[in-house]
Amino acid sequence: MSQLLNRFLGSGEALARLQDHAARLRRLQLVLERGLPPLLAGLCRVANLKDGTLVLSASGGPAAARLRQLTPSLVEHFVQAGHAVQIIKVKVATPETPQWRRPPTERHISADARASLTRFAATLPPDSPLRASLERLAQRSRE
C-alpha cells in the first residue's frame, strides 16, 4: 500500500490532477452555498463532479429530499456560474457516530490526605508549579 502511495505522490502529474480536482470541488461548494437557502446550505456538500454529473451529499433524509426538489434550479444556477453541470445526483451521507469513550474514573481523596497535600504545598515556594498543582488537586478532590 505504501509503495502505491509513494508512487502516486511521486508522480507530479497525478498529484497536480488531484489538486485541480479538489480546487474545482471547493469552487463548486461555494456556488452551491450561494444557490441554497442558508439553513439547507449548511447541510449539503459537493461530493464529486464527473462527466457533467454533480454528486451532492446531504446530511439526512429531509435535507436530501429538499435538495432533490431544488435540483432543476440548481443545475441552472451552476450553468450560470460557468460550470458544466448537466445532472445532479443527491446522496444521503451517513451520520458521523461519535466514538464511545469510557467516562473518567472518579478519584477520591480522604480528608487526611487532602490536609497532608495542603500542608506539603504550603512548604513549597509560592511560584512553584508543583504547589499550584497540589493546591488544585486538594481543592477538586472528593471524599
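Me: Which residues of α5 are buried?
Reply: This is a predicted model, where local features need pLDDT of at least 70, side-chain atom pairs count only at pLDDT 80 or more, and totals for chains, interfaces and linings use all residues. Numbering starts from 1 along each chain as its sequence is written, and side-chain values use heavy atoms, leaving out hydrogens and water. Buried means under 20% relative accessible area, exposed over 50%, and partly exposed in between (1.4 Å probe, protein chains only). In α5 the buried residues are Thr 71, Leu 74, Val 75 and Phe 78.

Me: Within what arc do the buried residues of α5 fall?
Reply: Helices (H or I, at least four residues) and strands (E, at least two) are DSSP runs, numbered from the N terminus. An arc is that of the directions from the helix axis to the C-beta atoms. On the other side of α5, Pro 72, Glu 76 and Gln 80 are exposed. The buried residues line one face of the helix, because seen down the axis they fall within an arc of 105°.

Me: Which elements do the buried residues of α5 pack against?
Reply: Contact means heavy atoms within 4.5 Å. Two helices and two strands are involved, namely α2 (12–35), β2, α4 and β3.

Me: At what angle do the axes of α4 and α5 cross?
Reply: Axes are lines fitted to C-alpha atoms, for helices over the stretch in contact, and angles run from 0 to 180 degrees between N-to-C directions. Helix α4 covers residues 61–69 and α5 residues 71–80; their axes come within 5 Å and cross at roughly 65°.

Me: Which residues make the contact of α4 with α5?
Reply: By class, they divide into three nonpolar, two polar and one charged. Here Ala, Val, Leu, Ile, Met, Phe, Trp, Tyr, Cys and Pro count as nonpolar, Asp, Glu, Lys and Arg as charged, and the others, Gly among them, as polar. From α4 come Leu 67, Arg 68 and Gln 69; from α5 come Thr 71, Pro 72 and Leu 74.

Me: Which residues is His 83 in contact with, leaving aside neighbours within four places in sequence?
Reply: His 83 sits in the loop between α5 and β3. His 83 counts as buried because its relative accessible area is 17%. Its contacts beyond those neighbours are Leu 28, Val 31 and Phe 78.

Me: What is the order of the strands in the open sheet?
Reply: Two strands pair if DSSP finds at least two bridges between them. Strand β1 (residues 44–50) runs antiparallel to β2 (residues 53–58), with six bridges. β2 also pairs with β3 (residues 87–92) in the parallel sense, over six bridges. Pairing is thus mixed in this open sheet of three strands, and the order is β1-β2-β3.

Me: Which strands are the edge strands?
Reply: An edge strand here pairs on one side only. Each of two strands does so: β1 and β3.

Me: Which residue of β2 is the bridge partner of Cys 44?
Reply: Elsewhere along β2, Arg 45 stands opposite Ser 57, and Asn 48 stands opposite Val 55. For Cys 44, the bridge partner is Ala 58.

Me: How many residues of β2 are buried?
Reply: Thr 53, Val 55 and Ser 57 point one way from β2, and Leu 54, Leu 56 and Ala 58 point the other way. Both sets are buried. Of the six residues of β2, the buried number is six.

Me: What angle does α5 make with β3?
Reply: Helix α5 lies across β2 and β3. Its direction relative to β3 is about 125°.

Me: How far apart are the end C-alpha atoms of α7?
Reply: The expected span of a helix is 1.5 Å times one less than its number of residues. For the twelve residues of α7 (residues 129–140) this gives 16 Å, which agrees with the distance in the model, 17 Å.

Me: Which helix do the buried residues of α7 pack against?
Reply: The buried residues of α7 are Arg 131, Leu 134 and Ala 138. They lie on the same side of α7, because they cover an arc of only 70° around the axis. On the other side, Pro 129, Gln 139 and Arg 140 are exposed. The buried residues pack against α6 (111–123).
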